[in-house]
2 protein chains.
Amino acid sequence: MISFFLADIDGMERHFRRNVINGIGGCKSANLIGSIDSQGRENLGLFSSIFHLGASPALLGFQMRPVHEGRHTYHNILDTGHFTVNGVSMAMHKRAHLCSAPYAREMSEFELCGFRPIYRKDMMAPFVAESPIQIGCKLEEDLEIALNGCRIIIGRILQVHLEESILLDDGCVDLHRADIAAIAGLNAYHPIGAAESQPYPAKPLSKNQP
Amino acid sequence: MISFFLADIDGMERHFRRNVINGIGGCKSANLIGSIDSQGRENLGLFSSIFHLGASPALLGFQMRPVHEGRHTYHNILDTGHFTVNGVSMAMHKRAHLCSAPYAREMSEFELCGFRPIYRKDMMAPFVAESPIQIGCKLEEDLEIALNGCRIIIGRILQVHLEESILLDDGCVDLHRADIAAIAGLNAYHPIGAAESQPYPAKPLSKNQP
């Protein structure tokens, strides 16, 4: 093993530290967040921090770096109260990665990156037509992390649209069949293999089991 | 596409809804959180919501369901201020999944699930020896989500231990080589393939690029 203690971490070259700290947490989800402002300017941003926060009510959260003028996703969500979360497949990942670059307010990442916006009833924000998993949310909470100014945005899930072939009989979603990408660090997109499923809920077993 | 609107989601059978809502966010990290209380009772819990929260200072967060007496991880973290985050490889996933079951306070999941605790300097909580990625943290913030009582725990990363072969020259961590699992929903563990890496930072390209 190679070990880094606090002084080592603090002393790392900035880009090296960014890569280490972004990479160690494991696989991250790849999602495009769709939004629009009250003037009709669309936006897509790539986020890798979507986490589950409850099924009833159905909630999700994600992390956002400190807010400045250029954070179009944030300002749009405050403006309309709505946003969409769209799963990124391996087939989409090169174009989706382009949405992590900053663009001028007037430019739509849908057009720049080659995605097609879809609008659906009861949701102001645009969905990504190419995405196999599309979630429509309304803003529920906007928390600021005092330590570094990052925000945690919490959304109520109002609607879900899925490719029929990826929804299993018990409600589970087959991310392998959907070809959903797992992100490592900032820019590595991994395809995922077929799942090995374990029983739910897990029951205590003897310590001699595998 | 198959669509579920709010009334459909609210009307879903409970387990079906749980599976849908847990599955749609995409790949989740698989990590074992190690902790110990002031009486020396060890605990391991499986968490799939670790997210990156900044590299300087180095922070991570994770979601925890509402706290009750049985949340040993939570009480231990408050007790000592320390916890470890240990990546779950496919080779470990069956045993790691057992750590998601509830056990009595006196029982150590290390022993029950067949993992070996390691203690390292400046960190009270035990690491998982079998894990290729081991992170030592101290508690920085403990936020309650008003909507459903879930908590978001934020930790400062104090130390990182990695298998040498998975740390690349630029600090990126090769999760494929580490055989790290991606979790879908509650109980599906996916192996990940080799990464396709994109340039960082992404630069705006013409819309005709792939």
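This briefing walks through a predicted two-chain model, from its symmetry down to individual strand pairings. Local features are described where pLDDT is at least 70 and side-chain atom pairs count only at pLDDT 80 or more, while totals for chains, interfaces and linings use all residues. Residues are numbered from 1 along each chain as its sequence is written, and chains are lettered from A in the order in which they are written. In short, chains A and B are related as by a two-fold rotation axis, and 102 residues of chain B touch 102 residues of chain A.

**How far to trust it**

- The predictor gives the complex an ipTM of 0.94 and a pTM of 0.94.
- Chain A averages a pLDDT of 93, with 95% of its residues scoring at least 70; pLDDT is the predictor's confidence in each residue, from 0 to 100.
- Residues 205-210 of chain A are a weak spot: pLDDT stays under 50 there, and the model has 7 contacts for them beyond four places in sequence.
- Where pLDDT is low, the predicted coordinates should not be read in detail.

**Symmetry and interface**

- Rotating chain B by 180° with 0.0 Å of shift along the axis puts it on chain A with an RMSD of 0.0 Å; the fit is by least squares on the C-alpha atoms of residues with pLDDT of at least 70 in both copies.
- The two copies are thus related as by a two-fold rotation axis.
- In chain B, the C-alpha nearest that axis belongs to B:I192, 2.2 Å from it.
- Both copies use the same surface, as 100% of the contact residues of chain B recur in chain A.
- The contact count is 102 residues of chain B with 102 residues of chain A, two residues being in contact if their C-beta atoms, placed from the backbone, lie within 7 Å.
- Helix α2 of chain B (residues 14-23) supplies the largest share of chain B's side, 9 residues; helices here are DSSP runs of H or I with at least four residues, strands are E runs of at least two, and both are numbered from the N terminus.
- Chain B's side of the interface divides into 57 nonpolar, 30 polar and 15 charged residues. Nonpolar means Ala, Val, Leu, Ile, Met, Phe, Trp, Tyr, Cys and Pro, charged means Asp, Glu, Lys and Arg, and the others, Gly among them, are polar.

**Chain A as a whole**

- Chain A has 5 helices and 14 strands.
- Its C-alpha trace spans about 60 × 50 × 30 Å along the principal axes.
- The radius of gyration of chain A is 19 Å, which agrees with the value near 17 Å for a compact globule of 210 residues; it is taken over C-alpha atoms, and the globule rule is 2.2 Å times the number of residues to the power 0.38.
- Of the 210 residues of chain A, 53% are buried, meaning that 20 or more other C-beta atoms, placed from the backbone, lie within 10 Å of the residue's own.
- Among contacts in chain A between residues at least 6 apart in sequence, 62% join residues at least 24 apart.

**Helix α2 at the chain boundary**

- In chain A, the buried residues of α2 are A:R18, A:N19, A:V20, A:I21, A:N22 and A:G23.
- Those residues pack against β12 (182-184) of chain A and against β5 (51-55), β6 (58-64) and β11 (151-162) of chain B.
- For α2(B), the buried residues pack against β5, β6 and β11 of chain A, together with β12 of chain B.

**A sheet built from both chains**

- An open sheet of 4 strands runs in the order β14(A)-β13(B)-β12(B)-β2(B), with antiparallel pairing; strands pair if DSSP finds at least two bridges between them.
- β14 (196-197) of chain A and β2 (28-29) of chain B are the edges, each with a single partner strand, so one side of each has no neighbour in the sheet.
- Within chain B, β12 and β13 (188-190) pair over 3 bridges, and B:I183 stands opposite B:Y189.
- β13 of chain A is joined to β14 of chain B by 2 antiparallel bridges, with A:A188 opposite B:S197.

**Strand β11 of chain B**

- β11(B) is mostly covered, with 9 of its 12 residues buried.
- From the other chain, β1 (residues 2-4) of chain A runs antiparallel to β11(B) over 3 bridges, and A:F4 has B:V160 as its bridge partner.
- β6(B) adds 6 antiparallel bridges to β11(B), B:F62 standing opposite B:I153.
- β10 (residues 133-144) of chain B runs antiparallel to β11(B) over 11 bridges, and B:I135 has B:V160 as its partner.
- The hairpin of β10(B) and β11(B) has 6 residues between the strands, and B:G149 takes a positive phi near 80° in it.
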